[in-house]
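Trainee: Could you take me through one spot in this structure in detail, and then walk outward from there? I'd like to see how that one part sits beside the rest.

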Amino acid sequence: MPPVASSLILELKGLCAGYGEIQVLWGIDLEVRHGEITALIGSNGAGKTTLMRALSGLIPTTAGNYFSEGRDLTGDTAAEILAHGIVHVPEGRRLFGAMSVEENLLMGAYLRDASRAEINRDLEQVYATFPKLRERRRQAAATLSGGEQQMCAIGRGLMSAPLLLMIDELSLGLSPLLVDQLVAALRELNAGGTSILLVEQDVTIALDLCHRAFVMDMGRIVRSGSGSELLADPIVRDAYLGVLHE
Ligand code: ATP
């Protein structure tokens, strides 16, 4: 299939992927637009993390197509996809524990062809968004709290100058206060132009934060709409918010 003339950051058509013999994603159609926060919701095991892994090239796709800004990324390696600007902040954060916060952040800029001045400017921007990271910049990442580790992982993603920042499980294991801080930071980043694809198990947070959301079930997209449309959708409320039909 030839690349489509489109400025969408992500355009998936019938994407399939899995682990060896086990197929997990069954024909995913999905669109992510510039400047938006897009959320992926769904119950445990629906395939959200698997989709992020396929999008970042960590697992191969087996059918379908994956375009970004009209470029066909289907079959590209993780390094090529990262160089294109699709940046994955994985579940569990995956920081280099023995390295300092600042060293971890600078690792995000490793593949960039940017001047030291540009990198320093972006580092300042990350510290402005997450002042805690500036305070702790010389501290080993392993000694950070869970919330600070999530800030550092997001900061490292930002240091890659992402076209799209994909965050898996923003709030997992964090206190409500920290989650509020992270949500405020994502709103601020998005207002500054960062496009975000978010996997979030707290459906209320996800739908409240996003412009558009896709609901996954058993490896398929079963619903999509604006956050407010899905928040008002009786089936979504029943299945994911524990609210019975009124
Ligand atoms: P959760 O919120 O629980 O992380 P999820 O929607 O992110 O759920 P995935 O982690 O993508 O779901 O899992 C989707 C399916 O893929 C599950 O059935 C899971 O058991 C399977 N799966 C995940 N990782 C692997 C793996 N490495 N090998 C084989 N199967 C896997």
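**A loop residue, and outward from there**

Mentor: Let's start with M218, which sits in the loop between β9 (212-217) and β10 (220-226). Keep in mind that we're looking at a predicted model. What is the phi of M218? It's positive, about 45°, although M218 is not a glycine. Next, is M218 buried or exposed? Its relative accessibility is 64%, and the cut-off for exposed is over 50%, so M218 counts as exposed.

A161 makes a good companion to M218. Its phi is near 50°, again a positive value in a residue other than glycine. A161 is in a loop as well, the one between α6 (146-158) and β7 (164-168). On accessibility, A161 comes out at 42%, so it counts as partly exposed.

Step back from A161 into α6 and the picture changes. This helix is mostly covered, with 12 of its 13 residues buried. Among the buried ones are G147, E148, Q149, Q150 and M151, and the list also includes R156, G157 and L158 towards the end of the helix. Charged side chains such as E148 and R156 are therefore on the buried list of α6 too. As for its length, the 13 residues should span 18 Å at 1.5 Å a residue, and the end C-alpha atoms are indeed 18 Å apart.

Now set α6 beside two helices that have a covered side and an open side. Take α7 (residues 176-191) to begin with. It has 16 residues and reaches 22 Å from its first C-alpha to its last, close to the 22 Å expected. Its buried residues are V179, L182, V183, A185, L186, L189 and N190. Seen down the axis of α7, those residues fall within an arc of 160°, so they line one face of the helix. An α-helix has 3.6 residues a turn, so residues three or four places apart point the same way. Turned away from the buried side of α7 are the exposed residues L177, D180 and A191.

Helix α4 (residues 116-129) can be read in the same fashion. Its 14 residues should span 20 Å, and the end C-alpha atoms are 20 Å apart, which agrees. Buried in α4 are I119, D122, L123, V126, Y127 and T129. They cover an arc of only 160° around the axis, which puts them on the same side of α4. The other side of α4 carries A117, R121 and Q125, which are exposed.

A few single residues help fill in the covered parts. V87 belongs to strand β6 (residues 86-89) and is buried, with a relative accessible area of 4%. Pair V87 with L55: they are 32 residues apart in sequence, and their C-alpha atoms are 9.3 Å apart in space. A206, in helix α8 (residues 203-209), has 0% relative accessibility and so counts as buried. From A206 to R237 it's 31 residues in sequence and 13 Å in space, C-alpha to C-alpha. L230, in helix α9 (residues 227-231), counts as buried at 3% relative accessibility. L230 and Y19 are 211 residues apart in sequence and 30 Å apart in space, again C-alpha to C-alpha.

Let's finish at the ligand. How many residues surround it? There are 13, and the closest are G45, G47, K48, T49 and T50. By class, that shell has four nonpolar, six polar and three charged residues. For polar contacts, a backbone N or O atom of G45 lies 2.8 Å from an oxygen atom of the ligand. A polar backbone atom of A46 is 3.1 Å from a ligand oxygen, while T50 uses its side chain, with an N or O atom 2.5 Å from an oxygen of the ligand. Taken alone the ligand exposes 630 Å², and the protein buries 62% of that. Which elements give two or more residues to the shell? They are β2 (22-32) and α1 (48-55). The largest share, four residues, comes from α1. L55, the partner of V87 in that earlier distance, falls within the range of α1 as well.

Terms used
Residues are numbered from 1 along each chain as its sequence is written. This is a predicted model: local features need pLDDT of at least 70, side-chain atom pairs count only at pLDDT 80 or more; totals for chains, interfaces and linings use all residues. Side-chain values use heavy atoms; hydrogens and water are left out. A residue is near a molecule or strand if one of its heavy atoms lies within 4 Å of it. A polar contact is a pair of N or O atoms within 3.5 Å; within protein, one must be able to donate a hydrogen and the other to accept it, and residues adjacent in sequence count only if both atoms are side-chain atoms. Accessible areas come from the Shrake-Rupley method with a 1.4 Å probe; for residues, only the protein chains shown count as cover. The expected span of a helix is 1.5 Å times one less than its number of residues. Buried means under 20% relative accessible area, exposed over 50%, partly exposed in between (1.4 Å probe, protein chains only). The arc is that of the directions from the helix axis to the C-beta atoms.
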